[in-house]
Amino acid sequence: MPEHRAHAILVPLFNTEQSLLERMATFTRVIAAFLSASGAVAINLGGAHATHEATFFVDIASIEEPLPAMLMIWNGISVAKDGDRVSLLSLGMAQLDLPDLLLTAPATAVNGALECMFDLLAYIASRAAPLPEGDTIGVRADDRHTVRYEPSPLADGTDVWCVDL
């Protein structure tokens, strides 16, 4: 990151008539306007455990439909490899009052797993509700994966929903 001289903290005051998804999208656009007007170099989103370059954040925030694009800036992704499998953990869905997702896949399919992860996150964000344990999810009828819940690998006392590809 380029050198910087100051930090600013932005705190949302939400219109409670909007859905949580609409409020997050509005706040994201307010942040983007601040970044553009101030010449800021980056934004750290505490709820996402992620820092984004200002121009990237502004580009994503300018997309009219918030899903799935804004989920990329609202979530950090923790990646872990165990042998021939990779685990992807979203970090930020609590901002939408939803559980984070732990997705596991073959290590050779990490790009497809990331795409699938954001599709699944967009699906539950659009539902505004987590999927029940035991439900199946997938793009095609012949490619269904069972949803289960388990404690977060972060050992923070929360549960995550898990899907194995």
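Histidine 49 lies in the loop between strand E1 (42-45) and strand E2 (50-53). The model described here is predicted. In this model the phi of histidine 49 is near 55°, a positive value in a residue that is not glycine. With a relative accessible area of 59%, histidine 49 is exposed, because the cut-off for that class is over 50%.

**Backbone in the loops and turns**

Aspartate 97 also has a positive phi, about 60°, although it is not a glycine. Aspartate 97 belongs to the loop between E4 and E5, and its relative accessibility of 63% makes it exposed. Most residues other than glycine have a negative phi, and most peptide bonds are trans. A positive phi is found at a glycine too: glycine 83, in the hairpin of E3 and E4, has a phi near 65°. That hairpin has two residues between its strands.

The peptide bond from leucine 67 to proline 68 is cis, with omega near -5°. Proline 68 is part of the loop between H2 and helix H3 (71-74).

**The two helices**

How do helix H1 (residues 20-38) and helix H2 (residues 54-61) cross? Their axes come within 9 Å and cross at roughly 140°. This angle makes H1 oblique to H2, because only angles over 145 degrees count as roughly antiparallel. The crossing of H1 past H2 is left-handed. On the H1 side, the residues in contact are Thr28, Arg29, Ile31, Ala32, Leu35 and Ser36. They meet Ala54, Phe57, Val58 and Ala61 in H2.

**The sheet**

Five strands make up an open sheet of mixed pairing, in the order E3-E4-E5-E9-E8. Strand E3 (76-82) and E8 are the edge strands; each has a single partner, so one side of each is left without a neighbour in the sheet. From one strand to the next, the twist averages 30°. Strands of a sheet pair through backbone hydrogen bonds, either parallel or antiparallel.

E3 and E4 run antiparallel and are joined by seven bridges. Within this pairing, serine 78 has leucine 89 in E4 as its bridge partner. On to the next pair: strand E4 (residues 85-91) and strand E5 (residues 101-106) are also antiparallel, over five bridges. Serine 87 has threonine 104 in E5 as its bridge partner, while valine 86 stands opposite alanine 105 in E5.

Is E4 enclosed or open to its surroundings? Five of its seven residues are buried, so E4 is largely enclosed by the rest of the structure. Leu89, the bridge partner of serine 78, is also one of the residues touched by serine 152. Leaving aside residues up to four places away in sequence, serine 152 touches Leu89, Thr158, Asp159 and Val160. Serine 152 is found in the loop between E8 and E9. At 8% relative accessibility, serine 152 is buried, because the cut-off for buried is under 20%.

**Salt bridges on E8 and E9**

How many salt bridges does the model contain? The count comes to two. Arginine 148 and glutamate 150 meet through their side chains in one of them, at 3.3 Å from N to O. Arginine 148 also forms a salt bridge with aspartate 164, where the closest N and O atoms are 2.9 Å apart. This second pair links distant parts of the chain: arginine 148 is in strand E8 (residues 148-151) and aspartate 164 is in strand E9 (residues 159-164), 16 residues apart. Arg148, Glu150 and Asp164 are thus linked in a network of salt bridges.

The accessibility of each residue in the network is set out below.

| Residue | Relative accessibility | Class |
|---|---|---|
| Arginine 148 | 29% | partly exposed |
| Glutamate 150 | 27% | partly exposed |
| Aspartate 164 | 35% | partly exposed |

Arginine 148 at 29% is partly exposed because this class lies between the cut-offs of 20% and 50%. Glutamate 150 at 27% and aspartate 164 at 35% are placed by those cut-offs as well.

Key: Residues are numbered from 1 along each chain as its sequence is written. This is a predicted model: local features need pLDDT of at least 70, side-chain atom pairs count only at pLDDT 80 or more; totals for chains, interfaces and linings use all residues. Side-chain values use heavy atoms; hydrogens and water are left out. A salt bridge is a side-chain nitrogen of Lys or Arg within 4 Å of a carboxyl oxygen of Asp or Glu. Buried means under 20% relative accessible area, exposed over 50%, partly exposed in between (1.4 Å probe, protein chains only). Helices (H or I, at least four residues) and strands (E, at least two) are DSSP runs, numbered from the N terminus. Two strands pair if DSSP finds at least two bridges between them. Axes are lines fitted to C-alpha atoms, for helices over the stretch in contact, and angles run from 0 to 180 degrees between N-to-C directions. Angles under 35 degrees count as roughly parallel, over 145 as roughly antiparallel, 65 to 115 as roughly perpendicular and the rest as oblique. A crossing is left-handed if the near helix is turned anticlockwise from the far one by less than a right angle, and right-handed if clockwise. Contact means heavy atoms within 4.5 Å.
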